[in-house]
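Q: Could you take me on a close look at one part of this model, the largest pocket? I'd like to know what lines it, and then see a sheet from one of the chains.

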Number of protein chains: 2
Amino acid sequence: MYFSVMKSTPLIAHFETYLPFEEVEISLIESRISRRKLKRREHLLVNGDICRHYTFVVKGVLRLYGIDPSGKEHNILFAAENDWIYDITSFHEAKPGESNIQAIEPSEVIQIAQQDLYHLYVNIPKLDRVFKVITEEKYVELQNRVFQNISSTAQQRYTYFYEKYPNLATRLPNTQIASYLGITPEFLSMIRKEMVQGKTKK
Amino acid sequence: MYFSVMKSTPLIAHFETYLPFEEVEISLIESRISRRKLKRREHLLVNGDICRHYTFVVKGVLRLYGIDPSGKEHNILFAAENDWIYDITSFHEAKPGESNIQAIEPSEVIQIAQQDLYHLYVNIPKLDRVFKVITEEKYVELQNRVFQNISSTAQQRYTYFYEKYPNLATRLPNTQIASYLGITPEFLSMIRKEMVQGKTKK
DNA sequence: TTTTACCCTTAAACTAGTTTAAGAAATAGG
DNA sequence: CCTATTTCTTAAACTAGTTTAAGGGTAAAA
């Protein structure tokens, strides 16, 4: 087994959940990606940077967050194993963005630089289809979240998050979850207390 | 000028804002679409239906909305001229969905049925690229909306909506806008009153 | 091991948004 | 042009969520 194959296997395996790839395509993809380790709290992108990479998470959890005019951070999304994270606006416009990407846990990622991705799109048109589907999947998740945000109480939103992402719900600090749900950590603490009391009362 | 060209021009023009198309490709696309008129309040899709079409708005405004457990409607998105509307979850899974699509104004749309769209993807691979980009654009909009929802007050969200979609903000009834923002029409009325007073006080 | 920084909880006072109800204004459509 | 229906507004009482502040628990790092 070649080391280069070892290195990128998780990404190829991810692509192959969508479509099969030829050996020569796999080699081309592998020649255009790079691997990187991140310490806890290390930033991959900060406000004002241009996002020049698609980032695939091999191990760990990262967050994409924005900062509001008053300086508060708000989590837009989390990405754990086998998920993608990037500031899509900054990436496509190749302009400085307003988002930040940070490792919450020590993490390991695979990155594809912009020009490499475009090179891959040209040489492996199938990848247009794959990323079309990936983006559609992420669009669905986001639309469900918008529906939650406009139709539910904080308690319902937390329950939905807890049921949909049990892994993240137990793995992440509550401060991070509160920021994602759009509530204060204090109020999340209250919600959790009420939920536990509700259960034990039975 | 052929009638068939007349008929579908707005959709082809829309595609050509992304990539150029050959005559033969245009003919193929035109052979696979259909045009439809909708009365005010007419539904294109209701809860429990399978969404079998991508719908492109030629004229008018439509809304995609969901219904919460208590029976209240919540607007997930609006689509006006040159925009797309469909229940993406139901469409891709070909399963009954929980969304509804309704014309707010008398409207005119162009539809592509699922099997026709797949036929077009196979014969015009460029369309994978086009819909990848369209979905990315819509993802960006949705992500901005999520950020608004978790980081802003209702007043800020309304201001953002008003500035970003001035056409919709003046064209739609406030009840529809309130439903989209996740607030009651009464509270939107208060916000608008305060904003006008704020302005005239100067 | 000790310290430091982070994280979680509780509670009281406050602010943002909802509900209910009733009347006024605007609009679609016969 | 008229009427029915929808839409918008106001206000008072209510509920959901925030803020501030203080204290305790826990994990990382020196």
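A: Happy to; here is a walk around the pocket, followed by a look at a sheet in chain B. Please keep in mind that this is a predicted model.

Let's start with the space itself. The largest pocket has a volume of about 960 Å³. Its lining is made up of 37 residues, and those closest to the centre are Asp87(A), Thr89(A), Ser90(A), Val140(B) and Asn144(B). Both chains also appear when you go by elements: chain A brings strand S4 (62–67), helix H3 (88–93) and helix H4 (114–123), while chain B brings helix H5 (126–151) and helix H6 (154–164), each with at least two lining residues. The biggest share comes from H5(B), which supplies twelve residues. If you are thinking about chemical character, the lining divides into 16 nonpolar, twelve polar and nine charged residues.

Now to the sheet. In chain B, four strands form an open sheet in the order S1-S8-S3-S6, and their pairing is antiparallel. At its edges lie strand S1 (33–38) and strand S6 (84–85) of chain B, each of which pairs on one side only. S1(B) is joined to strand S8 (residues 107–113) of chain B by six bridges, again in the antiparallel sense. For a detail to find on screen, look for Lys37(B), which stands opposite Glu108(B) in S8(B). Helix H4 (residues 114–123) of chain B packs on this sheet, where it touches strand S3 (53–59) and S8 of chain B. The direction of H4(B) makes about 65° with that of S8(B).

Technical notes. Residues are numbered from 1 along each chain as its sequence is written. Chains are lettered from A and ligands numbered from 1 in the order in which they are written. This is a predicted model: local features need pLDDT of at least 70, side-chain atom pairs count only at pLDDT 80 or more; totals for chains, interfaces and linings use all residues. Side-chain values use heavy atoms; hydrogens and water are left out. On a 1 Å grid over the protein atoms alone, a cavity is a set of points where a 1.4 Å probe fits but cannot get out, and a pocket is an open set with protein on both sides within 12 Å along at least five of seven lines; lining residues have an atom within 4 Å of a point. Grid points are joined across faces, edges and corners, and a volume is the space filled by probe spheres set on the points. Ala, Val, Leu, Ile, Met, Phe, Trp, Tyr, Cys and Pro count as nonpolar, Asp, Glu, Lys and Arg as charged, and the others, Gly among them, as polar. Two strands pair if DSSP finds at least two bridges between them. Contact means heavy atoms within 4.5 Å. Axes are lines fitted to C-alpha atoms, for helices over the stretch in contact, and angles run from 0 to 180 degrees between N-to-C directions.
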